[in-house]
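Trainee: I have a new structure open and I'd like to learn how to read it. Could you take me through it feature by feature?

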Amino acid sequence: MNEKAYKAMGLAGAAGIAVGIVVAVIGIAAGVISIISGARLLKEKKGILF
């Protein structure tokens, strides 16, 4: 009985770590893309004439 519990806890822990890594990578990628696009907008803002 205890072996099943330990096995389930191990799988849940591994899944939690894997999900955490994926979320961190996606978050970092989204942040970098946001910074790059914001910088590009600020750069192009100088060329607009009203």
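**Reading a helix in the open**

Mentor: Let's start with one residue: glycine 31 sits in helix α1. Helices (H or I, at least four residues) and strands (E, at least two) are DSSP runs, numbered from the N terminus. Keep in mind that this is a predicted model, where local features need pLDDT of at least 70, side-chain atom pairs count only at pLDDT 80 or more, and totals for chains, interfaces and linings use all residues. Residues are numbered from 1 along each chain as its sequence is written, and side-chain values use heavy atoms, with hydrogens and water left out.

Trainee: How many helices and strands are there in the protein?

Mentor: One helix and zero strands.

Trainee: What span should α1 have, going by its residues?

Mentor: The expected span of a helix is 1.5 Å times one less than its number of residues. For the 44 residues of α1 that gives 64 Å, and the end C-alpha atoms are 64 Å apart, so the two agree. Inside α1, glycine 10 and glycine 31 are 21 residues apart in sequence and 32 Å apart in space, C-alpha to C-alpha.

Trainee: What about the overall shape?

Mentor: Look at the radius of gyration, taken over C-alpha atoms; the globule rule is 2.2 Å times the number of residues to the power 0.38. A compact globule of 50 residues would come out near 10 Å, but the protein has 22 Å. Its C-alpha trace spans about 75 × 15 × 5 Å along the principal axes.

Trainee: Is glycine 31 buried or exposed?

Mentor: Buried means under 20% relative accessible area, exposed over 50%, partly exposed in between (1.4 Å probe, protein chains only). Glycine 31 has 29%, so it counts as partly exposed. Glycine 10 is partly exposed too, at 41%, whereas isoleucine 21 is exposed at 53%. Zero of the 44 residues of α1 are buried, so the helix lies largely in the open.

Trainee: Which residues form a nonpolar patch on the surface?

Mentor: An α-helix has 3.6 residues a turn, so residues three or four places apart point the same way. Here the patch is Ile17, Ile21 and Val25, with about 310 Å² of accessible area together. Accessible areas come from the Shrake-Rupley method with a 1.4 Å probe; for residues, only the protein chains shown count as cover. Patch members have over 30% relative accessible area and no salt bridge, with like charges joined within 9 Å and nonpolar side chains (Val, Leu, Ile, Met, Phe, Trp, Tyr) within 5 Å. A salt bridge is a side-chain nitrogen of Lys or Arg within 4 Å of a carboxyl oxygen of Asp or Glu.
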